Amino acid sequence: MGKMVSPNAVSTLLSIPNPDSASDLPEIIVQVTNLEPKGKSYGFNASDGKMKIKAIFSSRLSSEVISGNIQNLGLIRVLDYTVNEIPSKSEKYLIITKCEAVSPALEVEIKDEVKKEAGILLKPKQERDAKNEVPEEGDRAFVLQPKEEVVTKSAAQIVKEQRSNMAPAARMAMTRRVHSLVSLNPYQGNWTIKVRVTNKGSMRTYKNVRGEGCVFNVELTDEDGTQIQATMFNEAARKFYEKFELGKVYYISKGTLKVANKQFKTVKNDYEMTLNENSEVEEASSEAAFIPETKFNFVPIDQLGPYVNSKELVDVIGIVQSVSPSVSIRRKSNNEMVPKRDVTIADQTKKTVVVSLWNDLATNVGQELLDIADKSPVIAIKSLKVGDFQGVSLSALPRSILQVDPEIPEAKKLRCWYDSEGKLTSMASVSSGLSPSTKSGARSMYSDRVSMSRITSDPSLGSDKPAFFSVRAYISFIKPDQTMWYRACKTCNRKVTDAVEGGYWCEGCQKNEADCSLRYILVVRISDSGGEGFVSAFNQEAEQIIGCSADELDILKSQEEGTPYQMKLKQVTWNHYLLRVAVSQNEYNNEKRQRITVKAVAPVDFAAESRYLLEEISKIKGSH
């Protein structure tokens, strides 16, 4: 069958740079030439035989190129597109967001040689290869006829007549084509999007060499579920901070896009948006139902391990097990006191994890959770940071969203499980018993397993950032005359000093206390079959190793010349543990030294350890 391009296809594209509807377009078939990768997409020249225009496929069409459906020198039918002008250059750029392949690669590039009323005729390569066949009368090439252009004058007149009576948001929707977020890119000029604010950050101040300013972010979601982060600085931040309300739908235009900074991006999008004081934002209250609510991507509690100390944020859902009272913590960065509250949650994996709430989440929603904790509510939290405190822990950020008993299928399923069997099930902390299977990639006591010689023989470990490993070792030595603890504030756990008027002074809480507690800062030597090394263990991990609190050990030390104290330390040595450790570099007297810190401790589960060893043996057999 003969194939051809539409006559004057490029001129047609240029004459309708932003089509309002694909159904209003004439048939546009162009040839793809000079196809080459452009980042995560593909650029090319769109040719109709007479004219060419630089073009790029939307990133979602990359799979069509990779699969071979769209080929260099092939023909495509353009179904949806935008023509933009590159500000720095006096040329147009075609962005194709929807198309379909018409023909595979032709033998040559189409030139304006054979002219027909219907277009330019050329056979594809594979049809030309049949040189020995004699075409019959019925095998004549079929020429595609373009559709007639649809006259849109009456529609434009209707819009013009109605525009004066419309609300601002309705005018924006009618007079501009609404783009999907996936179709946007930095080369586009005029666009309008319809999105819901699914996350709103707090107003923040900053100070750098260029001066001081303020900034805040919002996360936007369109009807396809695509998300993007929008950032506003200074005048734009002050202008739109009150205008943007969480959960509402808006029409937005006159913003700019750039490649997202991976260090700061919070949503899965290659681009991020910036709005300035000239950007347009109008609420679309009558059409809110078409945009999805907050979108969660829940991670089961027992699968949090791979996210520890990662820049990637997670969403979790769980049943509230306990809520702590609010305490004040002093920030190291600015010495400011901020409220904090810990919430322990559990899910169907029968694991628990501690979530730290800060600021308003701690005082407002946190107090609400404390009041209803006995009812075991379901909470869903978006955008949490996974840390390694006590093994695995979660911490809320200014952009985090917490919903209590949300009306979503996952919450109903979790509630049903808990009411039927979960509340009678024994729960374990995710830090003390992650799955021993290394296939899941979880950072548990059974992943990243190494010997002590592997750690101590490489002095460069942890030079850039802490390196995490798991070891199975014995406590081989505890120096009895070391400083094993410090006097700590019972409120914030910071070190206290003797007050002038008696009692203890806490610099963190800025107050005197009549009493204090003791917290461990323990150093022990651990040994395995490969080597040994000294490790530091702080209060919780040290309590698991020693078997009692620092206060209790201090009482033993004061009895009978310390004999019970010596006996206690002797009982601890040569006990067998699984340890999760962090390896970092500390500088002392201008010399870098390796420091190994215990992050989690667990007794050896010999059944789980046997399964782990069998898996390792199977891997060795499989590699031979």
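1. In this predicted model, strand β3, which covers residues 41–47, and strand β4, which covers residues 52–57, run antiparallel and are joined by five bridges. Within this pair, G43 has I56 in β4 as its bridge partner.

2. Strands β3 and β4 belong to a closed barrel of five strands, whose order is β2-β3-β4-β6-β5 and whose pairing is mixed. On average, and with direction ignored, neighbouring strands of this sheet are turned by 40° against each other.

3. On another stretch of the barrel, strand β2 (residues 29–38) runs antiparallel to β5, and three bridges join the two. A reader who wishes to locate this pairing in the model may start from V30, which stands opposite I76 in β5.

4. Strand β5 also pairs with strand β6 (residues 92–103), to which it is joined by 10 bridges, and these two strands likewise run antiparallel. Here L75 has S103 in β6 as its bridge partner.

5. How is strand β5 placed with respect to the rest of the structure? Of the 11 residues of this strand, which spans residues 75–85, nine are buried, and β5 is therefore largely enclosed by the rest of the structure. For this count, a residue is taken as buried when its relative accessible area is under 20%.

6. A separate point concerns the open sheet formed by three strands in the order β26-β27-β28, in which the pairing is antiparallel. Its edge strands, each of which pairs on one side only, are β26 (496–498) and β28 (511–513). Neighbouring strands of this sheet are turned against each other by 35° on average, again with direction ignored.

7. Within this open sheet, strand β27 (residues 504–506) is joined to β28 by three bridges, and the two strands run antiparallel. In this pairing, C506 stands opposite K511 in β28.

8. Turning to a helix, α13 comprises 17 residues (606–622) and reaches 24 Å from its first C-alpha to its last, which is close to the 24 Å expected at 1.5 Å a residue. At the N-terminal end, α13 is capped by D605, a side-chain oxygen of which lies 3.2 Å from the backbone nitrogen of A607.

9. Which residues of α13 are buried? They are A608, E609 and Y612. Because these residues cover an arc of only 100° around the axis, they lie on the same side of α13. On the other side of the helix, F606, L614, K621 and G622 are exposed. Among the elements that cover the buried residues of α13 are β24 (467–478) and β31 (576–588).

10. The last point concerns a single residue, S279, which is placed in the loop between β15 (271–275) and β16 (280–283). Is S279 buried or exposed? Its relative accessibility is 2%, so S279 counts as buried, the cut-off for that term being under 20%.

11. The side chain of S279 can be examined through two backbone atoms: a polar atom of this side chain lies 2.8 Å from the backbone oxygen of K254, and a polar atom of the side chain lies 3.0 Å from the backbone nitrogen of N276. When neighbours within four places in sequence are left aside, S279 is in contact with K239, F240, S253, K254 and G255. K254 thus appears both in this list of contacts and as the residue whose backbone oxygen lies 2.8 Å from the S279 side chain.

Terms used: Residues are numbered from 1 along each chain as its sequence is written. This is a predicted model: local features need pLDDT of at least 70, side-chain atom pairs count only at pLDDT 80 or more; totals for chains, interfaces and linings use all residues. Side-chain values use heavy atoms; hydrogens and water are left out. Two strands pair if DSSP finds at least two bridges between them. Helices (H or I, at least four residues) and strands (E, at least two) are DSSP runs, numbered from the N terminus. Axes are lines fitted to C-alpha atoms, for helices over the stretch in contact, and angles run from 0 to 180 degrees between N-to-C directions. Buried means under 20% relative accessible area, exposed over 50%, partly exposed in between (1.4 Å probe, protein chains only). The expected span of a helix is 1.5 Å times one less than its number of residues. The arc is that of the directions from the helix axis to the C-beta atoms. Contact means heavy atoms within 4.5 Å. A polar contact is a pair of N or O atoms within 3.5 Å; within protein, one must be able to donate a hydrogen and the other to accept it, and residues adjacent in sequence count only if both atoms are side-chain atoms.
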